[in-house]
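Thanks, everyone; I would like to walk through how some of the helices pack here and then turn to the surface. Please keep the structure open while I talk.

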Amino acid sequence: MNSVATVISVDYVERWRSTPLAAKAQLLLARLLTVAVGLSSISMCLVLFLIPEGIRGNLLELAQRVSSFPVGGLGGLFLAAIWVKRCTGPIAVQATCAGMLFGLVVGWGHTFGVFPEERPPSFMWIIPSSCLVTLLYAVVVSAVRPRRNR
């Protein structure tokens, strides 16, 4: 919780402020964000009880299905930044969104009829498949977009 609060306060709040916060204000902000992150975590845990038993299933699998789709997209973004020279910011955002969307389909497609209910893909495929889709999207779109003259 402290790490998330630090990331929010340093990477978002401090970056967008025109004047830096005083030390006491930074500490107060960090404490308030820690409480907010903690309360949202508790709320998410309580929401688990509202999920129907047929969808919920194994708690470990449910946690992986919920938390894995952004990880694959961000992993693909990282690899695209390293390997795809012509990948621009907008292409990277599009590729990451495409990978995350694909991760949602792999993770939850059986619930909405995309995959057979009796044989859904394993939750272990969410990260590698969404990472691969992100990277492939970045490679293909970067290759077909026209080059800019400098």
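Helix α1 (residues 2-16) packs against α2 at an angle of about 125°, and their axes lie 8 Å apart, where axes are lines fitted to C-alpha atoms, for helices over the stretch in contact, and angles run from 0 to 180 degrees between N-to-C directions. Because of that angle α1 counts as oblique to α2, the classes being under 35 degrees for roughly parallel, over 145 for roughly antiparallel, 65 to 115 for roughly perpendicular, and oblique for the rest. On the α1 side the contact (heavy atoms within 4.5 Å) involves N2, V4, A5, I8, S9, V13 and E14, and α2 contributes Q26, L29, A30, L33, T34 and V37.

I should say that this is a predicted model, in which local features need pLDDT of at least 70 and side-chain atom pairs count only at pLDDT 80 or more, while totals for chains, interfaces and linings use all residues. Residues are numbered from 1 along each chain as its sequence is written, and side-chain values use heavy atoms, with hydrogens and water left out.

For helix α5 (residues 89-108) and helix α6 (residues 126-144), the packing angle is about 150°, again with axes 8 Å apart, so α5 is roughly antiparallel to α6. Among the contacting residues are G99, F102 and G103 of α5, and V133, Y137 and A138 of α6.

As for the surface, L39, which sits in helix α2 (residues 23-47), joins V35, I42, L46 and F49 in a nonpolar patch with about 540 Å² of accessible area together. Patch members have over 30% relative accessible area and no salt bridge, like charges being joined within 9 Å and nonpolar side chains (Val, Leu, Ile, Met, Phe, Trp, Tyr) within 5 Å; a salt bridge is a side-chain nitrogen of Lys or Arg within 4 Å of a carboxyl oxygen of Asp or Glu. The areas come from the Shrake-Rupley method with a 1.4 Å probe, and for residues only the protein chains shown count as cover. Helices, finally, are DSSP runs (H or I, at least four residues), numbered from the N terminus.

How values were computed: Helices (H or I, at least four residues) and strands (E, at least two) are DSSP runs, numbered from the N terminus.
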